[in-house]
Amino acid sequence: MKFGQPSQTALAAAFHRAAHQVLERGRIFSDPLALRILGEDAESIARKAEERPSGRRMRLFIAVRTRFAEDALAAAFESGVRQVVVLGAGLDTYACRNPFGERLRVFEVDHPATQAWKRQLFQDAAIPLPSALTLVPVDFERETLAAPLAAAGFDRTQQTFFTWLGVVPYLRQEAVWSTLAFIASLPSGAHVVFDYSDPPESLSPERRAVYERRARRVAGLGEAWITYFETSQLHAKLAALGFGEIEDLGPIQIASRYFPGRAGSVPDKGGHVIRATTNKSRSRGVEK
Ligand SMILES: C[S@@+](CC[C@H](N)C(=O)[O-])C[C@H]1O[C@@H](n2cnc3c(N)ncnc32)[C@H](O)[C@@H]1O
């Protein structure tokens, strides 16, 4: 990220969610605040999205990853989770749509510059930040999560759900594994949902060309994609950290779950969204 500046890719992700509300009527992921936080009307969002039709695939992937994360969080709430940490929250609006109100504490962790900008955008849109939300400024590349979260009132003894959407590709592997190790270390167990991409060299030539164009664009914004995972290696390392339950949707599984009809024409490499749960959460069972 450019020093001291809010994340431009956070704005791009928020734009895709808003465009999904207009162009696909929020079919995969419905967010009534997605347009409001951008302060733009449906026509201007639709016009901008249609100027770049190649953005459709990314728009749908962002809708899928957010839907997958929020569905998994709802299931975790049913099984007793009362604390969620949204890592690299960007302009995510979950905290303001939280269907569980005060019963689910929300911590949003993000780069300080992005967080200050988000506060301003929400204020401009007259969307109040709820009392169940605590903002925790952290730079993942320079700090570990434990101390800032503890200072913000995070209870490390409670089973916790983490979402980490659209962030892992921008971080060095060391920063990714340090955060996953922290999550795995929580004594009462944890769940994490994040997204990642197969290494570019594993993509088909056509997908790789699209990927290279996008990669150049985000690098130009000062937020280059630098981390990829090969699925079996990622799963093995997660298992070694103590994540015993892993649900990983690659392009084929995403298509069959969210776009049934189109599953036949989908490549096997590309973006993934993954949920990993530590063994400690599973052995603790339900706590209401
Ligand atoms: C592509 S945006 C995704 C935002 C949001 N999760 C979403 O899905 O819309 C990437 C987010 O990662 C955050 N980020 C990137 N590098 C970071 C770092 N080193 N420390 C903290 N946050 C970081 C940015 O501030 C931004 O909010």
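Does R25 count as buried or exposed, and at what relative accessibility? In this model, which is a predicted one, R25 has a relative accessibility of 69%, and because exposed means over 50%, R25 counts as exposed. The residue is found in the loop between α1 and α2, and its backbone has a feature worth pausing on, since R25 shows a positive phi of about 55 degrees although it is not a glycine. Most residues other than glycine have a negative phi.

A second residue can be read in a similar way. A126, another residue that is not glycine, has a positive phi near 55 degrees, and it is found in the loop that runs between α5, residues 112-124, and β3, residues 133-137. With a relative accessible area of 58%, A126 is exposed, because that value lies over the 50% mark.

Returning to the loop between α1 (8-23) and α2 (42-51), the reader also finds R27 there. R27 has a relative accessible area of 52% and is therefore exposed, the cut-off being 50%. When residues up to four places away in sequence are left out, R27 touches H20, R67, Y258 and F259. For a sense of distance across the model, one may take R27 together with S232, which are 205 residues apart in sequence and 31 Å apart in space, C-alpha to C-alpha.

From this loop the path leads to the ligand. Which residues are the closest among those that surround the ligand? They are R17, G88, D110, T114 and L165, out of 22 residues that surround the ligand. Helix α1 supplies the largest share of this shell, with four residues, and by class the shell is made up of 10 nonpolar, seven polar and five charged residues.

Several polar atoms of the protein can be placed against particular atoms of the ligand. A polar side-chain atom of R65 lies 2.9 Å from an oxygen atom of the ligand, while a polar side-chain atom of D139 lies 2.9 Å from a nitrogen atom of the ligand. In the case of F140 the backbone is involved, as one of its polar backbone atoms is 2.8 Å from a nitrogen atom of the ligand. Of the 590 Å² of accessible area that the ligand has on its own, the protein covers 96%.

R65 deserves a fuller look, for it can be followed from the ligand back into the protein. This residue is found in helix α3, residues 56-78, and because its relative accessible area is 7%, under the 20% limit, R65 is buried. Besides its place beside the ligand, R65 has a side chain joined to that of D195 by a polar contact of 3.1 Å. The residues that R65 touches, not counting those up to four places away in sequence, are A13, L165, G166, D195 and V273; L165 is also listed among the closest residues to the ligand.

The helix that holds R65 can itself be checked against an expected length. α3 has 23 residues and reaches 33 Å from its first C-alpha to its last, close to the 33 Å expected at 1.5 Å a residue. After α3 comes G80, whose phi is positive, near 115 degrees. Helix α7, residues 173-185, allows a similar check, because its 13 residues should span 18 Å at 1.5 Å a residue, and its end C-alpha atoms are 18 Å apart, which agrees. The buried residues of α7 are A175, V176, W177, T179, L180, F182, I183 and A184. An α-helix has 3.6 residues a turn, so residues three or four places apart point the same way.

Two further buried residues complete the route. Q159 lies in the loop between α6 (146-151) and β4 (160-164), yet Q159 is buried, because its relative accessible area of 9% is under 20%. The side chain of Q159 makes a polar contact of 2.7 Å with the side chain of H191. H191 is also one of the residues touched by A276, whose contacts, not counting residues up to four places away in sequence, are A190, H191, V192, L238, F243, E245 and I246. A276 lies in strand β7, residues 271-278, and with a relative accessible area of 0% it is buried. The C-alpha atoms of A276 and L241, which are 35 residues apart along the chain, are separated by 11 Å.

Terms used:
Residues numbered from 1 in each chain as written. Predicted model: local features only at pLDDT ≥ 70, side-chain atom pairs only at ≥ 80, totals over all residues. Heavy atoms only, no water. Helix = DSSP H or I, 4+ residues; strand = E, 2+ residues; numbered from the N terminus. Buried < 20%, exposed > 50% of the residue type's maximum accessible area, 1.4 Å probe, protein only. Contact = heavy atoms within 4.5 Å. Near = heavy atom within 4 Å. Polar contact = N/O pair within 3.5 Å; in protein donor to acceptor, adjacent residues only side chain to side chain. Areas by Shrake-Rupley, 256 points an atom, 1.4 Å probe, with all protein chains shown as cover. Nonpolar A, V, L, I, M, F, W, Y, C, P; charged D, E, K, R; others polar. Expected span 1.5 Å × (residues − 1).
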